[in-house]
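This is a walk through one protein chain, from its overall make-up to individual side chains. Please keep the model open while reading.

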Amino acid sequence: MNVTDTGPPRSQRFAHLYEQTYAALLRFVERRVHPSHAEDVVADVFLVAWRRLDDVPRAADEARAWLFGVAHRTLRNGLRADQRRQALTVRIADSQLTGAAAAGLDPELVARRLDLVQAWRRLSPRHQETLALAVWDGLTAPQAARVLGISPVAFRLRLARARRALRHHADAAPATTTQPVATATVDSRSMR
């Protein structure tokens with residue numbers, strides 16, 4: 001009896017909710033993320049709505065607001081996850097550089113690597129992702145293009161722009177970085 005009570009009316013209610021709110025929800029999300037990610041976020045929101053359909057308000061305006069709230073939380077969670085991944089990437093790079101400095105490597109080389117870490121931090125998330133796919137993940141242009149859902153030519157253009165931006169930020173790094181790194185290396189040795 002419960003299957004009959006929750007079957008067709010539940011799916012009809014969800015279909016009606018979807019039809020009434022999809023376009024508005026998509027516009028809401030597109031204003032906050034890159035258009036290529038918007039449909040994925042909206043799909044996640046409707047997955048939550050399906051699972052929690054009993055919690056969705058019956059009034060159309062309130063249901064729309066409820067879905068916008070779910071979308072907002074979904075976007076925040078995605079942003080936090082991206083920030084954690086980026087922080088981890090930078091921490092790994094920093095720890096490798098710190099280890100290199102402690103091992104007695106050339107301070108100039110360590111300073112250049114630190115400049116590169118700083119330049120990486122200034123890159124847009126899109127450029128970071130493009131470079132990471134090509135350099136860290138070792139994907140070819142066609143493979144990386146499939147990951148991003150773009151053509152290989154478009155990926156190669158993105159990669160060229162990302163490399164150019166990284167060079168620009170690395171060249172713009174202050175020249176005084178060498179001295180503090182060398183001092184930090186000496187200080188870390190004297191603390192042993």
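From the N terminus on, the elements of the chain run α-α-α-α-α-α-α-α-α. That gives nine helices and zero strands. The model is a predicted one, and every value below was computed from it. Of the chain's 192 residues, 30% count as buried. The accessible surface comes to about 12500 Å², and carbon and sulfur atoms hold 56% of that area. Among contacts with a separation of 6 or more, 61% join residues that are 24 or more positions apart.

Helix 2, residues 8-30, is a good place to begin, as Arg-10 and Ala-24 both belong to this helix. Ala-24 has a relative accessible area of 15%, and it therefore counts as buried, the limit being under 20%. What does Ala-24 touch, once residues up to four places away in sequence are set aside? The partners are Arg-64 and Phe-68. Arg-64 is 40 residues from Ala-24 along the chain, yet the C-alpha atoms of the two are separated by 8.2 Å.

Arg-10 takes part in a salt bridge. How many salt bridges does a search of the whole structure find? The search finds two. In one of them Arg-10 pairs with Asp-54, with 3.9 Å between the closest N and O atoms. This pair links distant parts of the chain: Arg-10 is in helix 2, while Asp-54 is in the loop between helix 3 and helix 4 (60-102), 44 residues apart. The two partners can also be described by their accessibility. Arg-10 has a relative accessible area of 22% and is partly exposed, whereas Asp-54, at 69%, counts as exposed.

The other salt bridge joins Arg-52 to Asp-55, and here the closest N and O atoms are 3.0 Å apart. Arg-52 is partly exposed, with a relative accessible area of 38%. Asp-55 also counts as partly exposed, at 43% relative accessibility.

Next comes the charge on the surface. A negative patch is formed there by Glu-30, Glu-39, Asp-40 and Asp-44. Which helix supplies the largest share of this negative patch? Helix 3, residues 35-51, does so with three residues. Glu-39 is found in helix 3. At 51% relative accessibility Glu-39 counts as exposed, because the limit for that class is over 50%.

There is a positive surface patch as well, formed by Arg-126, Arg-161, Arg-163, Arg-164 and Arg-167. Helix 8 gives the most to this patch, with four residues. Arg-164 has its place in helix 8.

Helix 8 spans residues 152-171, and Arg-158 lies in it too. Is Arg-158 buried or exposed? Arg-158 is buried, yet it has no salt bridge. The nearest side chain of opposite charge is that of Glu-129, 5.5 Å away. A salt bridge requires a side-chain nitrogen of Lys or Arg within 4 Å of a carboxyl oxygen of Asp or Glu. Leaving aside neighbours within four places in sequence, Arg-158 is in contact with Arg-126, His-127, Thr-130, Leu-148 and Ile-150. Among these contacts, Arg-126 is a member of the positive patch.

His-127 and Thr-130, both contacts of Arg-158, lead to helix 6. The buried residues of that helix are His-127, Gln-128, Thr-130, Leu-131, Ala-132 and Leu-133. Gln-128 deserves a separate look. Helix 6, where Gln-128 is found, covers residues 125-136. With a relative accessibility of 7%, Gln-128 counts as buried, because the limit is under 20%. Beyond its neighbours within four places in sequence, Gln-128 is in contact with Gln-86, Trp-120, Arg-121 and Leu-123. Gln-86 falls within helix 4, which runs over residues 60-102. Helix 6 is followed by Gly-138, which has a positive phi, near 65 degrees.

Key
Residues are numbered from 1 along each chain as its sequence is written. This is a predicted model: local features need pLDDT of at least 70, side-chain atom pairs count only at pLDDT 80 or more; totals for chains, interfaces and linings use all residues. Side-chain values use heavy atoms; hydrogens and water are left out. Patches are made of residues with over 30% relative accessible area and no salt bridge: like charges are joined within 9 Å, nonpolar side chains (Val, Leu, Ile, Met, Phe, Trp, Tyr) within 5 Å. Accessible areas come from the Shrake-Rupley method with a 1.4 Å probe; for residues, only the protein chains shown count as cover. Lys and Arg count as positive and Asp and Glu as negative; His and the chain ends are not counted. The place of a charge is taken as NZ of Lys, CZ of Arg, CG of Asp or CD of Glu. Helices (H or I, at least four residues) and strands (E, at least two) are DSSP runs, numbered from the N terminus. Buried means under 20% relative accessible area, exposed over 50%, partly exposed in between (1.4 Å probe, protein chains only). Contact means heavy atoms within 4.5 Å.
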